[in-house]
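Reader: I am in my first year of study and would be grateful for a close look at one part of this model. Could you please show me what its nonpolar core is made of, and how that part fits into the rest of the chain?

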Amino acid sequence: MIDAIQSVGAFSAIKETEGAGPNSASPVMPGAGTAVPQAGSFAEVLGNMTTDAIRSMKSAEGVSLQAIRGEANTREVVDAVMSAEQSLQTAIAIRDKVVTAYLEIARMQI
């Protein structure tokens, strides 16, 4: 059922320009000698979140099918389904916030 979702390509079209912006330098913590991990672009974060949510739902579906065949116990099914539900609720909440922000920007006067 969930296999109909092939990929999350909507976010891959948005790319951050190389060498521009605050993330272009690699800051080093004094005395540490290691680079501070940089945050990805907004599109990468959304893409990763969506991929993780899809992976969680596919996993829950697989465990549910295993339980139907008698290969998984009830506890595993409940854990997988609750994890998938939490991922889905998080994705829905973030989607709602993004849509609200877009609508606010669209209503701004120029």
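**The nonpolar core and its setting**

Author: Of the 110 residues in the chain, 15% count as buried. The model is predicted, and the mean pLDDT of the chain is 76, with 65% of its residues reaching 70 or more. Over residues 4–32 the pLDDT is below 50, and this stretch has 24 contacts in the model beyond near neighbours in sequence. The description of the core should be read with these values in mind.

The chain contains 2 helices and 0 strands. Helix H2 covers residues 74–107, and helix H1 covers residues 42–68.

The largest nonpolar core has 6 residues, namely Ala-60, Val-63, Ala-72, Val-77, Ala-80 and Ala-84. Helices H1 and H2 each supply at least two residues of this core, and H2 gives the most, with 3 residues. As a general background, nonpolar side chains in soluble globular proteins tend to be buried together.

One member of the core may be followed in detail. When neighbours within four places in sequence are left aside, Ala-84 is in contact with Ser-56, Met-57 and Ala-60. Of these partners, Ala-60 is itself listed in the core.

Another member, Val-63, offers a comparison of sequence with space. Val-63 and Thr-74 lie 11 residues apart in sequence, and their C-alpha atoms are 9.6 Å apart in space. Thr-74 is found in helix H2. Is Thr-74 buried or exposed? Thr-74 has a relative accessibility of 60%, so it counts as exposed, because the cut-off for that class is over 50%.

The wider chain may be described in the same terms. Among contacts between residues at least 6 apart in sequence, 58% join residues at least 24 apart. The chain exposes about 8,700 Å², of which carbon and sulfur atoms supply 60%.

Nonpolar residues also appear on the surface. Phe-42, Ile-94 and Val-98 make a nonpolar surface patch of about 270 Å². Val-98 belongs to helix H2, the helix that gives the most to the core. Val-98 has a relative accessible area of 37% and is therefore partly exposed, since this value lies between the limit for buried, under 20%, and the limit for exposed, over 50%.

Helix H2 thus brings together several parts of this account: 3 residues of the core, the exposed Thr-74 and the partly exposed Val-98.

Technical notes. Residues are numbered from 1 along each chain as its sequence is written. This is a predicted model: local features need pLDDT of at least 70, side-chain atom pairs count only at pLDDT 80 or more; totals for chains, interfaces and linings use all residues. Side-chain values use heavy atoms; hydrogens and water are left out. Helices (H or I, at least four residues) and strands (E, at least two) are DSSP runs, numbered from the N terminus. Buried means under 20% relative accessible area, exposed over 50%, partly exposed in between (1.4 Å probe, protein chains only). A nonpolar core is a set of buried Ala, Val, Leu, Ile, Met, Phe, Trp, Tyr and Cys residues joined through side-chain atoms within 4.5 Å. Contact means heavy atoms within 4.5 Å. pLDDT is the predictor's confidence in each residue, from 0 to 100. Accessible areas come from the Shrake-Rupley method with a 1.4 Å probe; for residues, only the protein chains shown count as cover. Patches are made of residues with over 30% relative accessible area and no salt bridge: like charges are joined within 9 Å, nonpolar side chains (Val, Leu, Ile, Met, Phe, Trp, Tyr) within 5 Å. A salt bridge is a side-chain nitrogen of Lys or Arg within 4 Å of a carboxyl oxygen of Asp or Glu.
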